[in-house]
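Biologist: I'm new to this one, so please pick a single part and take me through it up close. Tell me how it sits and what is around it.

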Amino acid sequence: MTTDAMADVFEEHRPVLLGVAYRMLGRVADAEDVVQDAWLRWSGGDRSGVREPRGYLVRITTRLALDRLRRIKARGETYVGPWLPEPYPTDFGDTAPDAAERAVLADSVSLAVLVVLESLSPLERAVFVLREAFGYPYADIAAMLDRGEPAVRQLAGRARRHVEERRPRYEVDPVRRRDLTERFLAAAAGGDLAAMMDLLAPDVRLVGDSGGKSRAPLRVLHSADKVGRFLHGTARKGVADLSFRFLELNGGPAVLVLSGDESDSVFQLDVADGRVRTVYVIRNPDKLRHLAAAR
């Protein structure tokens, strides 16, 4: 295989590889590093016995991501305040040929699910991602991870139960989520506390991620009163040279808040029964830099 042919094959599968690595790690830069390492192994290795390049590349990427995730867990990294994944621009393109598969991919990359995945063991997370997000058969996952199929089935069942027990329920219809997001943004930007409160569920939560590097609550806020008043107060303080951009992030509509040319924050809502159930606010500047290319 020529160098150009190798590169073409790899680029064809890059979106899937990045999707696997990001779901495994929740960090865009780490996922990109893993995919780059996978390319080096693909381009420099012996491929004479490779009959199915996609499966081979997913196997390499999964193992590299698993090794990195284990190192992160072993370091026991501390984080200031609530942690959220880096917002991830999603355009599933040819990786999801039908609406049902797109819905599965969107759900598996949602902030709500990725937060729950952080509590799984690295191996459980790998199995969950490969099985639930990408639909790989248990036998293939077992081969990728050098585990027996019964052990993989057990890991998958345990991970699935854990996620189902802890994941919040929300509306996945992107049109309805976009509509409510626009109404919520208009109320917040206009300082209309009453209109904002009408959109919030009584038990709404606000999860703010600043990493201690910008202003955001250091604990999750609970109740419409606390969330509404916090957002109203934040809007009154204002942002210099404020503007907004709608993006699709983590499988759903989100708002990128800009201060001039700089990314200030990302807002995303989880919605159910016509009300906002969770407000995610990401203000850690380290998690926003990569969004410049997505505007």
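Modeller: What follows is a close look at helix α11 and its surroundings.

Quick housekeeping: this is a predicted model, where local features need pLDDT of at least 70 and side-chain atom pairs count only at pLDDT 80 or more, while totals for chains, interfaces and linings use all residues. Residues are numbered from 1 along each chain as its sequence is written, and side-chain values use heavy atoms, with hydrogens and water left out.

So, α11 runs over residues 224-237 (helices are DSSP runs of H or I with at least four residues, strands are E runs of at least two, and both are numbered from the N terminus). Its 14 residues should span 20 Å at 1.5 Å a residue, and this agrees with its end C-alpha atoms, which are 20 Å apart (the expected span is 1.5 Å times one less than the number of residues).

Now, which way does the helix face? Ala 224, Val 227, Gly 228, Leu 231 and His 232 are its buried residues (buried means under 20% relative accessible area, exposed over 50%, partly exposed in between, with a 1.4 Å probe and protein chains only). They sit on the same side of α11, because they cover an arc of only 125 degrees around the axis (taken from the directions from the helix axis to the C-beta atoms). An α-helix has 3.6 residues a turn, so residues three or four places apart point the same way. Turned away from that buried side is a face carrying the exposed residues Lys 226, Arg 229, Arg 236 and Lys 237.

What covers the buried residues? The cover includes α9 (174-189) and α10 (193-199), along with strands β1 (200-209), β2 (221-222), β5 (262-272) and β6 (275-282) (contact means heavy atoms within 4.5 Å).

α11 also helps to line the largest pocket, giving six residues, the largest share of the lining (on a 1 Å grid over the protein atoms alone, a pocket is an open set of points with protein on both sides within 12 Å along at least five of seven lines, and lining residues have an atom within 4 Å of a point). α9, β3 (242-249), β4 (252-259) and β5 each supply at least two residues as well. The pocket's volume is about 660 Å³ (the space filled by probe spheres set on points joined across faces, edges and corners).

Of the 27 lining residues, Leu 231, Thr 234, Ala 235, Val 239 and Phe 267 lie nearest the pocket's centre. Leu 231, then, is one of the buried residues of α11 and also one of those nearest the pocket's centre. By class, the lining has 17 nonpolar, six polar and four charged residues (Ala, Val, Leu, Ile, Met, Phe, Trp, Tyr, Cys and Pro count as nonpolar, Asp, Glu, Lys and Arg as charged, and the others, Gly among them, as polar).

Key: 1 Å grid on protein atoms, 1.4 Å probe; cavity = no way out; pocket = protein on both sides within 12 Å on 5 of 7 lines; lining within 4 Å.
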